[in-house]
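Grab a coffee and work through these exercises with the model open beside you. Each one sets a task and then walks through a solution.

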Amino acid sequence: MTTHQDPSPRAPHQVLDGADIARVVTRIAHEIVERAKGAEDVVLLGIHTRGVHLARRLRDRLAQITGREIPLGTLDITMYRDDLRLKPARALEHTEIPAGGIDGKLVILVDDVLFSGRTIRAALDALGDIGRPRAVQLAVLVDRGHRELPIRADYVGKNLPTSLREAVQVRLADTDGVDAVLVGDRDHTQRSSQALTEPHLPE
């Protein structure tokens, strides 16, 4: 007996809404304070683009919890990627390091989605050209699995098992007008006028 399989790609569906994302950011902030013993030497570095917006939200939560301003910077990894020859040229973003620098600090990289690990490898290479932190940790909103490099996140908002045929999109009000995490088939994203696109080049 032959089993009929529906060839139509699965449309994007929402797995996190705005309230979920707010709760996740708050939880990660509390975890950082607990693990970093008050977050006294923490520096947040958001990876462009949506990682920067998440890092700002995380900074605000940490300030509410600790009563202190947490240094915040941004990191552009474009020139450190290992797939520059394979992808269209991208506009460079700004790397901004807090006035106190990162030497001897606990640097927490912040990104939206952890996938293969290649984005984070590039971020570590970029970080090495900037300074020498005491330690480096990683906070991500979503870990979708399928790692190609031995990289893991220290703080995860949601572990989201996915297949390689699926695409994950993080939408943030700062850039997209709404907070949400969506998952849908890649085929659907290519065909639909409401295409679900990756937030950056494959991690």
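**Exercise 1. Find the strands that helix 1 lies across, and give its angle to strand 1.**

Step 1. Start with the three-stranded side: helix 1 lies across strand 1, strand 7 and strand 8. Its direction makes about 30° with strand 1. Keep in mind that you're looking at a predicted model.

Step 2. Now look at the other set of strands. Helix 1 (residues 18–35) also lies across strand 2 (42–47), strand 4, strand 5 and strand 6. Against strand 6 the angle is about 150°.

Step 3. Helix 2 (residues 50–66) packs on the sheet too, touching strand 2, strand 3, strand 4 and strand 5. Its direction is at about 155° to that of strand 2.

**Exercise 2. Work out the strand order of the sheet that holds strand 1, and say which strands are at its edges.**

Step 1. Read across the sheet: it is open, has three strands in the order 1-8-7, and its pairing is antiparallel.

Step 2. Strand 1 (13–16) and strand 7 (166–171) each have a single partner strand, so each has one side without a neighbour in the sheet. The average twist from one strand to the next is 30°.

Step 3. Zoom in on one pairing. Strand 1 and strand 8 (residues 180–185) are joined in the antiparallel sense over three bridges, and Gln14 sits opposite Leu182 of strand 8.

**Exercise 3. Do the same for the five-stranded sheet.**

Step 1. This open sheet runs 3-2-4-5-6, with parallel pairing.

Step 2. At the edges you'll find strand 3 (72–75) and strand 6 (155–159); each has a single partner strand, so one side of each lacks a neighbour in the sheet. Here the twist averages 25° from strand to strand.

Step 3. Pick out strand 4 (residues 106–114) and strand 5 (residues 135–143), which pair in the parallel sense over eight bridges. Leu109 stands opposite Leu138 in strand 5, and Leu114 stands opposite Asp143 in strand 5.

Step 4. Is strand 5 enclosed or left open? Seven of its nine residues are buried, so strand 5 is largely enclosed by the rest of the structure.

**Exercise 4. Describe helix 1 from end to end, and list its buried residues.**

Step 1. Check the length. The 18 residues of helix 1 span 26 Å from the first C-alpha to the last, close to the 26 Å expected at 1.5 Å a residue.

Step 2. Look at the start: a side-chain oxygen of Asp17 comes within 3.2 Å of the backbone nitrogen of Ala19.

Step 3. Go along the helix. The buried residues are Ile21, Val24, Val25, Ile28, Ala29, Ile32 and Val33. For the spacing, recall that an α-helix has 3.6 residues a turn, so residues three or four places apart point the same way.

Step 4. Finish just past the end, where Lys37 has a positive phi of about 55°.

**Exercise 5. Decide whether Leu172 and Arg57 are buried or exposed, and trace their contacts.**

Step 1. Place Leu172 first: it lies in the loop between strand 7 and helix 4 (173–176). The cut-off for buried is under 20% relative accessible area. Leu172 has 0% relative accessibility, so it counts as buried.

Step 2. Setting aside residues up to four places away in sequence, Leu172 touches Arg50, His53, Leu54, Arg57, Gly177, Val178 and Asp179. Leu172 and Gly18 are 154 residues apart in sequence, yet their C-alpha atoms are 8.5 Å apart.

Step 3. Move on to Arg57, which belongs to helix 2. With 18% relative accessibility, Arg57 counts as buried.

Step 4. Beyond its neighbours within four places in sequence, Arg57 is in contact with Ile21, Val25, Leu172, Ala173, Asp174 and Asp179. Ile21 and Val25 are among the buried residues of helix 1.

**Exercise 6. Sum up the whole protein.**

Step 1. Count the elements: five helices and eight strands. From the N terminus they run β-α-β-α-β-β-α-β-β-β-α-β-α.

Step 2. Of the 203 residues, 48% count as buried. The protein exposes about 10500 Å², with carbon and sulfur atoms supplying 49% of that area.

Step 3. Among contacts with a separation of 6 or more, 71% come from residues 24 or more positions apart.

Methods. Residues are numbered from 1 along each chain as its sequence is written. This is a predicted model: local features need pLDDT of at least 70, side-chain atom pairs count only at pLDDT 80 or more; totals for chains, interfaces and linings use all residues. Side-chain values use heavy atoms; hydrogens and water are left out. Two strands pair if DSSP finds at least two bridges between them. Helices (H or I, at least four residues) and strands (E, at least two) are DSSP runs, numbered from the N terminus. Axes are lines fitted to C-alpha atoms, for helices over the stretch in contact, and angles run from 0 to 180 degrees between N-to-C directions. Contact means heavy atoms within 4.5 Å. The expected span of a helix is 1.5 Å times one less than its number of residues. Buried means under 20% relative accessible area, exposed over 50%, partly exposed in between (1.4 Å probe, protein chains only). A polar contact is a pair of N or O atoms within 3.5 Å; within protein, one must be able to donate a hydrogen and the other to accept it, and residues adjacent in sequence count only if both atoms are side-chain atoms. Accessible areas come from the Shrake-Rupley method with a 1.4 Å probe; for residues, only the protein chains shown count as cover.
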